[in-house]
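Please open the model in your viewer and keep the selection panel at hand. We will go from stop to stop, choosing residues and seeing what is around them.

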Amino acid sequence: QVQLVESGGGLVQPGGSLRLSCAASGLTFSNYDIAWFRQAPGSEREFVGAIYRSGNTYFANSVKGRFTISRDNAKNTVYLQMNMLKPEDTAVYYCAARQTGKSEYDYWGQGTQVTVSS
């Protein structure tokens, strides 16, 4: 059974940093692309960034230059480092996994809340 578990969310002041983790189990982690999405109240879920099996990373324009993604295949974990946080980054953040070559993300975590506020 595939399971993705996010952690690391919380309350942070504008300009601050947080690191989210996504721990995976039940899959051959190194064969999967992992993405982060977020959903703010009253808004649709949006893509934040992804790290592919190759190690290549991709980001939404809204977070480019502020967020980075890394993966540790030995720990089956992906990290989303968020710097220079803004109030508009407030959302529930989800990680998702798809087998490399597929177009859709098949597996999703339960989400972790990030609130950016003074």
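Begin by selecting Arg38 and Asp89: both of these residues are buried. Bear in mind throughout that you are looking at a predicted model.

**Stop 1: a buried charged pair**

Show the side chains of Arg38 and Asp89, and you will find them joined in a salt bridge, at 2.9 Å from N to O. Arg38 belongs to strand E4, while Asp89 sits in the loop between strand E8 (77-82) and E9, so the pair brings together distant parts of the chain, 51 residues apart. Now add Glu46 and Arg66 to the selection: together with Arg38 and Asp89 they make up one network of salt bridges with shared partners.

**Stop 2: along strand E4**

Next, select residues 32-39, which are strand E4. How many of its residues are buried? The count is 7 of 8, so this strand is mostly covered.

Colour residues 91-99 as well, and you have strand E9, which runs antiparallel to E4 and is joined to it by 8 bridges. For a landmark on this pairing, pick Ala35 and look across to Ala96 in E9, which stands opposite.

Then bring in strand E5, residues 46-51, also antiparallel to E4 and joined to it by 5 bridges. Here the landmark is Ile34, with Ile51 of E5 opposite. Follow the chain through the hairpin of E4 and E5, where 6 residues lie between the strands, and stop at Gly42, whose phi is positive, near 80 degrees.

**Stop 3: a second charged pair on E4 and E9**

Select Arg98 and Asp33. Their closest N and O atoms are 3.1 Å apart, and the two form a salt bridge. This one also spans distant parts of the chain, with Arg98 in strand E9, Asp33 in strand E4, and the two positions 65 residues apart. Are these partners buried or exposed? Arg98 has a relative accessible area of 10% and is buried; Asp33 is buried too, at 2%.

For another setting, move to Lys102 and Asp106, whose side chains meet in a salt bridge at 3.6 Å, N to O. Lys102 is partly exposed, with a relative accessible area of 44%, and Asp106 is partly exposed as well, at 38%. The protein has 5 salt bridges in total.

**Stop 4: Ile34 and the cores**

Go back to Ile34 in strand E4. Its relative accessibility is 0%, which means that it counts as buried. Which residues does Ile34 touch, beyond its neighbours within four places in sequence? Display Cys22, Phe29, Ala50, Ile51, Arg71, Val78, Ala96, Ala97 and Tyr105 to see these contacts. If you like a distance to check, the C-alpha atoms of Ile34 and Ser70 are 9.9 Å apart, though the two residues are 36 apart in sequence.

Ile34 is one of the residues that touch the most other members of the largest nonpolar core, which has 28 residues; the others are Trp36, Phe67, Val78, Leu80, Met82 and Tyr93. E3, E4, E5, E7, E8, E9 and strand E11 (112-116) each give two or more residues to this core. A second, separate core has 5 residues, including Phe37, Ala50, Ala96 and Tyr105.

Centre on Tyr93 before moving on. Setting aside residues up to four places away in sequence, Tyr93 has contacts that include Glu6, Trp36, Arg38, Phe67, Leu80 and Val114.

**Stop 5: the open sheet**

Now select E1, E3, E8 and E7. These 4 strands form an open sheet in that order, with antiparallel pairing. Strand E1 (3-7) and strand E7 (67-72) each have a single partner strand, so they stand at the edges with one side lacking a neighbour in the sheet. From one strand to the next, the twist averages 15 degrees. Zoom in on E1 and strand E3 (residues 18-25), which run antiparallel and are joined by 5 bridges; Leu4 stands opposite Ala24 in E3.

**Last stop: the whole chain**

Clear the selection and zoom out. The protein has 11 strands and 0 helices. Its C-alpha trace spans about 40 × 25 × 25 Å along the principal axes, and 41% of the 118 residues count as buried. The radius of gyration is 13 Å, in agreement with the value near 13 Å for a compact globule of 118 residues. Among contacts between residues at least 6 apart in sequence, 55% join residues at least 24 apart.

Terms used
Residues are numbered from 1 along each chain as its sequence is written. This is a predicted model: local features need pLDDT of at least 70, side-chain atom pairs count only at pLDDT 80 or more; totals for chains, interfaces and linings use all residues. Side-chain values use heavy atoms; hydrogens and water are left out. Buried means under 20% relative accessible area, exposed over 50%, partly exposed in between (1.4 Å probe, protein chains only). Two strands pair if DSSP finds at least two bridges between them. A salt bridge is a side-chain nitrogen of Lys or Arg within 4 Å of a carboxyl oxygen of Asp or Glu. Axes are lines fitted to C-alpha atoms, for helices over the stretch in contact, and angles run from 0 to 180 degrees between N-to-C directions. Contact means heavy atoms within 4.5 Å. A nonpolar core is a set of buried Ala, Val, Leu, Ile, Met, Phe, Trp, Tyr and Cys residues joined through side-chain atoms within 4.5 Å. The radius of gyration is taken over C-alpha atoms; the globule rule is 2.2 Å times the number of residues to the power 0.38.
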